[in-house]
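Visitor: I'd like a walk through the pockets, cavities and cores of this one. Can you take my questions in turn?

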Amino acid sequence: MSKTEPLCLSLLNICKNLTTFKQIHANVLKLGLESDPFIAGKLLHHCAISLSGSLDYACRLFRYTPNPDVFMHNTLIRGLYESDRPQNSLRMFIEMMRKSFPPPDSFTFAFIVKAAANLRSVRVGIQLHCQALVHGLDTHLFVGTTLISMYGECGFVKFARKVFDEMLEPNAIAWNAMVTACCRGGDMKGGREMFDLMPARNLMSWNVMLAGYTKAGELELAREMFLEMPMKDDVSWSTMIVGFAHNGYFEEAFIFFRELQRKGMRPNETSLTGVLSSCAQAGALEFGKILHGFIEKSGLAWIVSVNNALLDTYSKCGNVHMARLVFERIMNERNIVSWTSMMAALAMHGHGEEAIGIFHKMEESGIRPDEIAFISLLYACSHAGLIEQGCEYFDKMKGMYNIEPSIEHYGCMVDLYGRAGQLQKAYEFVCQMPIPCTAIIWRTLLGACSMHGDVKLAEQVKERLSELDPDNSSDHVLLSNAYAIAGKWKDAASVRRSMTEQRITKTPGWSMIEVDKIMYTFLAGTKQYKITEEAYKKLEEIIGRLRVEGGYVPEIGRVLHDIEEEEKEGSVSVHSEKLAVAFGIARLCKGRTIRIVKNLRICRDCHAVMKLISQIYKVEIVVRDRSRFHSFKDGYCSCRDYW
């Protein structure tokens, strides 16, 4: 090795960007070292694997390398399968096979089989399996393990098991791959059987089973396994926290996080984002603030994904001001997720114009908007009633950025027209969609018909929905609602009777509120707990005061049953958000903002009650329903009565 070679290698070790790499490459060419297989291989490996955004240059480097060896072929195949274009690695493999020299080795097949797994293509995987058989590499431990993982990723657990059974001496990695394949394929029983048969288990074996149980929603089995584990690492704790959070058990996720801290372990990026996700979904602002303080004290505020999760938490807990502050703090580190999250936050809170401003700033910063960014943008236009702007951005997405609209984008446009009352235009838009219409699109339009009381169009849309999803309870409720708003009580009652006869039940409404870092859930019409009895008692007092001081009269015109006036009043008075706000007034200190999360759309009567409470009790109320935020203050709502 000449004196210049170690210098080139040391420069590669500290090379962090493509510009510097090109300078090193130029120096290699100047010194005539490009024909050295070792140097050429190191250059290609660094460019294809270590540097981000340099894969195209690595491909050009490979093309100009005379007689590339198997290492160089494998390097480029690996770089391509790990990219967002894994199909290109297949082209590279085919080119290699056509040359017949150099012949593929075990690494070649391991890398290319991973490409098939990334593509979720079992057809390609089987073809590669056959090629491995031809070259006598199918029984190689490394290749066999990769084949097991590929079949598991594609959902063919039986094929994975067959490969495993043909292995002569599977090691711990192969056993773990087989257990993972079972879990990925939803065969938890088979996964447990393999786990129990393992001659030796390592920490990864336990973590794989934990992940499988939480993904399948088998949380009690996950808890039992977690308690049985002889040792736990940050992955084990993160799996439990994220698993419980994603399955809606937010309080349990918080408990695991607190226990993690009590054990003296340092939360990692995954566990932090997982528990922040729990706070966001539950609307647990106070616990989110505690986590924010912990992140600052622990020196973890530099992690972009944690900041993005923190931004999302503040946004979904109704504190858009803090969401803005987090967004401003990560000015130089913002990625597409940061920008999109901020747009979504502003959109949910009714700040459509500001969300559009953020979109333009993102464009100016050089970040190219993706499909999700446009969903947030169209959502903002929809909830702010910005019809012209929404149409303009829908066209811009296709015309300027070559992004083909997905069903979500079409759904936003239907929602845009529907909320504005342009129902016929929404219907025509749906009928002219170039992709098959889904039940969600029709349901969005049915919701708009229901909101505006357009019975004739609602009946047409319901007929279309019946072909796709005949027994969905929400469709029957929306049609009944349309009849009721139009005053057609007999038709509304007929739909309700039909639901009863078909045993179709509507989704029960619930609302959650955080008091002293404890989440309380209220269901409409329940009185079996002391907490709900306390809420009912306070609500009765509140309604009485609203009648006297605010002239409140229950909005019973949209109650969906043809019943006596007194009964109608009773049915709207027990909605879960009313119980939650009454409990908040009873328990929270004066001056504290009341924050409520609701699973359904807030009704007009509850909306009117919240405005009156904010005015008479001098309290700010933030309600997050299934589609947006309502911030009530001094008798007004941030949605400007447009939702």
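Guide: What follows is a short round of questions and answers on this structure.

Visitor: Before we start, what kind of model is this, and which pLDDT is needed?
Guide: Residues are numbered from 1 along each chain as its sequence is written, and side-chain values use heavy atoms, with hydrogens and water left out. The model is predicted, totals for chains, interfaces and linings use all residues, side-chain atom pairs count only at pLDDT 80 or more, and local features need pLDDT of at least 70.

Visitor: Which element gives the largest share of the lining of the second largest pocket?
Guide: A pocket here is an open set of points on a 1 Å grid over the protein atoms alone, with protein on both sides within 12 Å along at least five of seven lines, and lining residues have an atom within 4 Å of a point. This one holds about 610 Å³ (the space filled by probe spheres set on the points, which are joined across faces, edges and corners). Its lining has 26 residues, with S149, A177, T180, R184 and M204 closest to the centre. Helices α7 (106-118), α9 (141-153), α11 (172-184) and α13 (203-215) each supply at least two (helices being DSSP runs of H or I, at least four residues, and strands runs of E, at least two, numbered from the N terminus), and the largest share, eight residues, comes from α9.

Visitor: How many residues of that lining are charged?
Guide: Asp, Glu, Lys and Arg count as charged; Ala, Val, Leu, Ile, Met, Phe, Trp, Tyr, Cys and Pro as nonpolar; the others, Gly among them, as polar. In the lining of the second largest pocket, eleven residues are nonpolar and ten polar, and the charged ones number five.

Visitor: What is the volume of the largest cavity?
Guide: A cavity is a set of points where a 1.4 Å probe fits but cannot get out, and there are two of 30 Å³ or more. H129, D138, T139, L147, V163, E166 and M167 line the largest cavity. Its volume is about 50 Å³.

Visitor: And which strand gives the most to the lining of the second largest cavity?
Guide: That cavity has about 30 Å³ of space, and residues including G283, K316, R595 and F629 line it. Two elements, β3 (594-598) and β4 (621-624), give two or more residues to the lining. The biggest contributor, with three residues, is β3.

Visitor: Which helix gives the most to the largest nonpolar core?
Guide: A nonpolar core is a set of buried (under 20% relative accessible area, 1.4 Å probe, protein chains only) Ala, Val, Leu, Ile, Met, Phe, Trp, Tyr and Cys residues joined through side-chain atoms within 4.5 Å. The largest one has 167 residues, with F21, I112, I148, M178, M342 and L445 making the most contacts inside it. Eight of its residues come from the top contributor, α11.

Visitor: Is K114 buried, partly exposed or exposed, and why?
Guide: K114 sits in helix α7 and touches Y81 and T146, leaving out residues up to four places away in sequence (contact means heavy atoms within 4.5 Å). Exposed would take over 50% relative accessibility, and partly exposed is the range between buried and exposed. K114 comes out at 30%, so the label is partly exposed.

Visitor: Last one: how far apart are the end C-alpha atoms of residues 171-205?
Guide: UniProt, in an unreviewed entry, lists this span among those with the feature "repeat: PPR", and such annotations may be inferred rather than shown by experiment. The span is 74% helix and 0% strand, and the end C-alpha atoms lie apart by 12 Å.
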